[in-house]
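Colleague: Could you take a close look at the part where the two chains meet, and then follow it into the nonpolar core?

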Amino acid sequence: MAKLVQIGVAADLLAQACRGDEHAESEIYAAVAPATFALIRRLVGGGPQAEDVFQDTMMTFYERLPTFRAEAPLGAWLRQIAISKCLMYLRSPWQRARLQLEGAEEAADYAELDYRSHTAPAAECFDVEHALASLSPTARAVVWLFEVEGYSHDEIGRAFGRTASFSKSQLARAHHRLRAWFEPAVEPPACTSI
Amino acid sequence: MHFDLEDSRSVPQIVQMLRHLPTEAEPPIHWKEFKRRQLLRRARARSAQRRQFALAAAVGLVMIGTIALWKHMPPLQYPSAQRASVTTLPMTRRPVVPIAWDEAAVRSAASERWLAAQPAEPAIVRVGTRAAVMTLEDRIAWADDTLTSMRAKGGEPDRARALQYERDRLVNSLAQVRYAETLAADLP
């Protein structure tokens, strides 16, 4: 499985797609769509919103394709578009309002998470997908961009329209939460009658 | 809130697991569906753009029409004469009102007759209304005095007509106030 940033396409195929050849466009779609959708799903979560962002991303990709200068792999260029679309979605007023509304629920989830980490056997919790999904969309995006995509705190802060401290703080909280998810349960010592 | 990440040995392991997650996922739509939705969205965007243009054009037309209508309308002299104060408006510049002159005078005479038929003191006297009545009566008296002296001196017919018009208006206002007083007096 290739990472999106590593995906490249042949120059002649790219030239045909730039001229509007639908067959070439479909071949490029087949090459880049799976990795693009995987990235979008990691950043905005699953569901219809991921589909919407994916559609937006691919439409922008084909609209801007004639401006691609091949200074980097096509996948790296597409990754920029996809991340930009995901962050636009996460920063949108509607999405932020939704996140604020879900803030209380998130705190309740967190308490539940701690409870689970101390009672369930560690082997049952080894599901990194679920751990990632338990984070808030913003924290999940920060973790993914920093740890997997290799963005710096400055870049993440700029992308969110915030400072590097925002990125560091989000990452620290996310690490704490992920650690709580994965750490083995610590059984309290049993009470013994004297 | 501070978290000491150095103390945690599990974070690098978690990061490793994250990096080994699948980097590809089955796209939600195939190429044909993507193209169909692309065309649909473009059509919607074009339609929305056309609607915006149509709306802007309609607003522009309405504005142009309103301005044209306003420019071709005759000046409304009666309302401005109504708004103006006798003491502040220069009488020499007051426009002559050619319409409804006799009608206003007739109405004024009728109002005067009706006022004369009213009792000198209403059953219920409210201070605010009384003050308004007194002000109106004072202004009418002032208008009468000015008109008498103007007629005695002669000349300035336009000013005299305007003042007469203002007097009629004041009499009508007084009649309205007194009528309101009568109605209020009838209330339980």
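Modeller: In this predicted model, 29 residues of chain A are in contact with 23 residues of chain B, two residues being in contact if their C-beta atoms, placed from the backbone, lie within 7 Å. Local features need pLDDT of at least 70 and side-chain atom pairs count only at pLDDT 80 or more, whereas totals for chains, interfaces and linings use all residues; residues are numbered from 1 along each chain as its sequence is written, with chains lettered from A and ligands numbered from 1 in the order in which they are written. On the side of chain A that touches chain B, two or more residues come from each of H2, H3, H7, H8 and H10 of chain A (helices are DSSP runs of H or I, at least four residues, numbered from the N terminus), and the largest share, eight residues, is given by H2(A).

H2(A) also gives the largest nonpolar core its largest share, eleven residues. That core has 49 residues, and A:Val32, A:Ile40 and A:Val143 are among those with the most contacts inside it; such a core is a set of buried Ala, Val, Leu, Ile, Met, Phe, Trp, Tyr and Cys residues joined through C-beta atoms within 7 Å, buried meaning that 20 or more other C-beta atoms lie within 10 Å of a residue's own. Among the elements that give two or more residues to this core is helix H1 (10-19) of chain B. Within chain A, domain 1 (4-93) and domain 2 (104-182) both give residues to the core, so it lies between them, the domain bounds coming from an automatic or database domain assignment. Leaving aside residues up to four places away in sequence, A:Val143 touches A:Leu135, A:Leu171 and A:Ala174.

Note on methods: A residue is buried if 20 or more other C-beta atoms lie within 10 Å of its own, exposed if 12 or fewer, and partly exposed in between; C-beta atoms are placed from the backbone.
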